[in-house]
Amino acid sequence: MSATETTMTDGVAPGEEPGALKQFWRNLRGEPLGLIGLVLVLLLVLSAIFAPWIVPYNPNEILVGERLAAPSAAHWMGTDQLGRDVLSRVIMGGRVALLVALASLGAALSIGLLLGLLAGFGPRWLDNGLLLIFDAVRSFPVIIFALALVALLGPSLYSVIFVVAVTSIPIYARIVRTQTLAMRNNEFILAERAMGAGMARILGVHVLPNVLGPLLILASMDVPLIITLEAGLSFLGMGVRPPTPSWGTILNDGYSYIRNSPWPVIFGGLPIVLATLGFTFMGEALRDIFDPKLKRDL
Amino acid sequence: MSALLEVSDVRVRFRTMGPLAALTRRVHDPYIDAVCNVSFQLAPGETVGLVGESGSGKSTLARAIAGLVPVHSGSIRFAEQELSGLGQRSFSRVRRELALMFQDPTGSLSPRMKVRSLITEPYRIHGMRDRNFRQEAKRLLEMVGLSADFGDRYPHQLSGGQARRVGLARALALDPQLIIADEPTAGLDVSVQGEVLNLLARIQAETGVAILIITHNLNVVRHITDRMAIMYLGRFVEIGDTDEIFERPRHPYTEALLSASPEPDPDAQHHRVEIHGEVPSLMNRPTGCEFHNRCPYIGERCKNEAPAFSQATSGHFYTCHHPLNTST
Amino acid sequence: MDSDTENVLEVRDLSLDFGSPRGRLHALRHVSLKVPRGRVVGVVGESGSGKSTVALACMGLLAANAQVVGGEILLEGRDILRMNQDELQAVRGRRASMIFQDPMTALNPVRSIGTQMVDIQYRDRITDSEKRKRAAEMLGRVGIPDPRSRLKAFPHQFSGGMRQRICIAMALLVEPALLLADEPTTALDATLEVQIIKLLERLQSEIGCSILFVSHHLGTVAELCDDVVVMYAGEVVEQGTVRDIFGNPGHPYTRALLECDPGRIKEKTRQLPTIPGDVPDVLNVPPGCIFRDRCPRAFERCASESPVAHGAAGTAEHLARCHLLDGNSEGA
């Protein structure tokens with residue numbers, strides 16, 4: 001009998017495997033749309049982070065003499081009805097969009113994760129109860145829910161975050177629940193139980209890491225939805241209060257003056273489109289890269 | 001010498017449908033007996049084989065012994081302690097002495113953990129944080145014939161045979177008294193099956209651990225077990241000394257199983273017993289002797305009368321009205 | 001039956017690569033074998049030998065990332081690798097049919113087996129009721145009780161063994177010249193395997209088709225097959241009649257493999273023989289003999305030169321690719 005085995009055949013030794021990062025980069029290069037998506041996302045994120053330093057004008061500064069100007073060298077995206085530079089407002093609006101997306105996604109993911117793990121792994125009655133709650137929340141149209149909440153809390157950025165988070169929790173919880181249920185009878189979970197591991201350990205150490213990956217990719221594809229939702233709510237006047245710029249409020253403002261100048265509407269909607277495309281392309285590319293069942297063709 | 005494991009009259013039932021469905025479909029007994037009135041003993045250091053085909057209940061029995069599946073009735077005594085009905089916390093202590101090796105070698109390893117963490121997992125679970133994990137991992141890997149650098153690998157970087165060794169290393173972590181090995185050679189090529197089995201033999205010689213091996217591979221059972229039990233539809237149909245059973249099987253099902261694993265010799269005269277039909281569903285157990293509708297030697301009493309255990313020789317029992325190879 | 005009889009299947013020097021994230025896997029290298037009319041040929045090998053790949057290639061059922069880099073597959077004299085989709089369609093399910101390893105997933109779960117068995121007769125210009133009659137007849141032949149009424153049943157209503165019988169019925173309904181069987185009994189219990197093998201034996205002699213039987217169960221192959229091809233890591237290392245291979249193995253791998261089979265070992269032992277080492281990586285195929293690293297009798301020539309087929313003991317068809325059989329080097 002051989003004493004030690006140091007040769008590997010159908011597996012790959014750690015030394016030989018191309019670094020995970022390098023492999024990932026190589027895979028990404030094979031997905032051109034994904035690269036475009038990545039570029040767009042980076043553009044959004046960086047401009048949001050460095051917004052205060054890169055805006056050419058103060059977004060709230062009213063320049064009465066230049067109302068509803070068309071795009072020019074001085075104002076790349078023109079001005080709105082109060083003479084405010086649209087480009088600056090768009091860049092600042094990106095901040096709002098990203099803040100809402102991160103905050104609400106963060107809350108929805110963490111709570112959804114917890115509830116989903118419990119529903120998937122816990123006793124039947126817990127699962128049934130939680131599903132009931134999820135379905136009840138999901139059956140409310142989001143806008144109606146938002147209206148109700150705004151009536152209670154008053155329109156503000158925080159209302160938006162709250163609404164988006166609460167309506168997203170059931171979605172992620174369900175996804176996590178399904179994955180957990182599927183994993184529940186996996187051999188390695190059984191092995192952990194056989195060794196005496198408790199539910200907390202099994203969920204935290206073994207189920208969670210395997211669920212997190214696909215979850216984050218799905219979440220990244222939901223970002224455009226959230227951005228659109230925030231824009232929509234702000235457009236209806238239920239979101240951020242003026243004069244804070246948000247893509248939705250830019251659209252709202254521009255909408256009333258669309259006959260005078262189409263530019264605010266175009267440039268209010270453009271970032272939403274680009275952000276949506278960016279996150280969607282990137283998310284899909286990531287999903288394809290991390291899908292183990294896709295064979296690489298010759 | 002007292003038995004290490006004593007299984008008495010164990011029954012494991014599974015519910016097949018909810019109470020509402022049972023009512024509407026007028027099913028009186030919506031349960032199936034995956035394991036039915038099974039009794040046997042295992043001595044310290046002994047190797048016993050549980051043999052059967054799909055639906056025989058061998059895996060369920062193994063899981064019941066390991067506490068993964070609740071026992072409906074009967075008793076399982078391990079190291080003088082009654083296991084059935086034991087609470088989670090108390091069972092946890094038992095789990096240090098009773099380890100499992102699973103059928104799917106890579107599937108039973110948590111995919112995102114390195115081998116080193118995987119085999120020291122038992123220490124973590126039982127709160128033994130004072131141990132030097134690296135050293136223990138090295139020691140365990142050495143025991144199963146893997147070099148220390150295997151500790152850095154992930155399960156998907158292991159071949160089937162290597163993953164099995166890792167599973168065994170993990171089972172040995174807390175120095176158990178009994179290892180239950182579920183199909184340790186399944187999916188392995190013939191040329192490497194020997195590796196796992198030789199390793200088990202060596203470990204057993206070194207540590208004196210007892211092994212309960214679940215398998216459908218009779219050829220394997222013959223070489224490594226002291227005693228074996230044949231299961232059919234959740235019951236033992238024959239149990240006894242391995243050599244004795246191979247030489248003179250008493251139960252027709254045992255004979256059929258033995259003849260179904262032919263040696264690779266085109267000229268060998270095969271007394272190929274072909275039993276027709278398939279394993280009946282557990283929901284429709286045959287009457288009398290449960291093997292009667294497939295038995296080539298069916299007799300008068302077989303359809304209506306369930307045979308009791310008869311003794312062939314010391315320690316060798318079977319349930320059959322018309323046993324084979326009886327010396328009369 | 002001598003080799004002058006027409007060959008239903010002839011694989012000539014087939015080489016095939018698979019694309020993978022790590023590069024090209026040379027899964028088959030210069031594989032040659034033949035299936036004479038009316039004979040049962042077994043292909044044995046362990047994991048990574050490429051035996052299943054050969055069977056799938058013969059039906060043109062390879063995955064998209066497979067690429068044939070050389071050789072021919074002649075089915076009744078016609079190269080199926082050079083056929084277009086229409087020509088392939090005419091041959092598949094008519095001249096050659098296949099049964100697979102997993103009977104659980106080999107049948108369409110949402111259509112009754114009657115519908116499926118009528119569907120595969122789509123080329124025949126007979127009425128539907130005629131087709132159903134033939135289907136019921138075939139089901140009876142493979143041992144499905146009460147076949148007429150079972151035509152309406154769905155696959156999930158049958159057990160695994162029954163499903164495999166249905167698959168066999170479907171494959172032989174068209175009375176093909178060649179039946180390809182890829183590990184058809186591996187997923188079944190041993191007692192069921194006995195039944196299926198006996199069934200195949202009976203049907204083969206009734207219908208007279210040839211069978212290419214891929215398996216790693218040496219015992220089953222010894223019982224069912226007339227000729228045997230032994231594969232290792234993508235190459236054919238030995239071939240001959242079943243008595244040649246099991247009685248007088250010429251290649252060290254075949255010999256070692258037979259020694260390892262626990263069914264062959266008469267004496268009870270707790271030290272079972274194994275073949276130490278691992279199957280070589282087919283990403284970078286080393287020069288010389290593919291079995292060199294694990295061969296107990298390898299010498300210098302084995303490292304540099306890949307052996308050609310030499311005659312081995314037994315019949316004229318018994319060939320093994322080993323330098324030890326070459327008259328010019330050390331005697332076997």
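I began at one residue pair in chain B: I239(B) stands opposite F317(B) in strand β12(B). The model is a predicted one.

**Strand β12(B)**

I looked up how this strand connects to β10(B). β12 of chain B spans residues 316-318, and 2 bridges join it to β10(B). The two strands run antiparallel.

**Strand β9(B)**

Next I turned to the pairing of β10(B) with β9(B). β9 of chain B covers residues 227-232 and pairs with β10(B) over 6 bridges. The sense is again antiparallel. I picked one residue to follow across: the bridge partner of I230(B) is E238(B), in β10(B).

Then I checked the turn. The hairpin of β9(B) and β10(B) has 2 residues between the strands. There L233(B) takes a positive phi near 55°.

**Burial of β10(B)**

Is β10(B), residues 235-241, enclosed or open? I noted 6 of its 7 residues as buried, so the strand is largely enclosed by the rest of the structure. My cut-off for buried was 20 or more other C-beta atoms within 10 Å of a residue's own.

**Chain C as a whole**

I then moved to chain C. I logged 11 helices and 12 strands for its secondary structure. Its C-alpha atoms fill a box of roughly 65 × 50 × 45 Å along the principal axes. I compared its radius of gyration with the globule rule: chain C has 21 Å, and a compact globule of 332 residues would be near 20 Å, so the two agree.

I also took down burial for chain C: 48% of its 332 residues count as buried. Last, I looked at contacts with a separation of 6 or more in chain C. Residues 24 or more positions apart account for 64% of these.

How values were computed: Residues numbered from 1 in each chain as written. Chains lettered and ligands numbered in written order. Predicted model: local features only at pLDDT ≥ 70, side-chain atom pairs only at ≥ 80, totals over all residues. Helix = DSSP H or I, 4+ residues; strand = E, 2+ residues; numbered from the N terminus. Rg over C-alpha atoms; globule rule 2.2 N^0.38 Å. Buried ≥ 20, exposed ≤ 12 C-beta atoms within 10 Å, placed from the backbone. Contact = placed C-beta atoms within 7 Å. Pairing = 2+ DSSP bridges.
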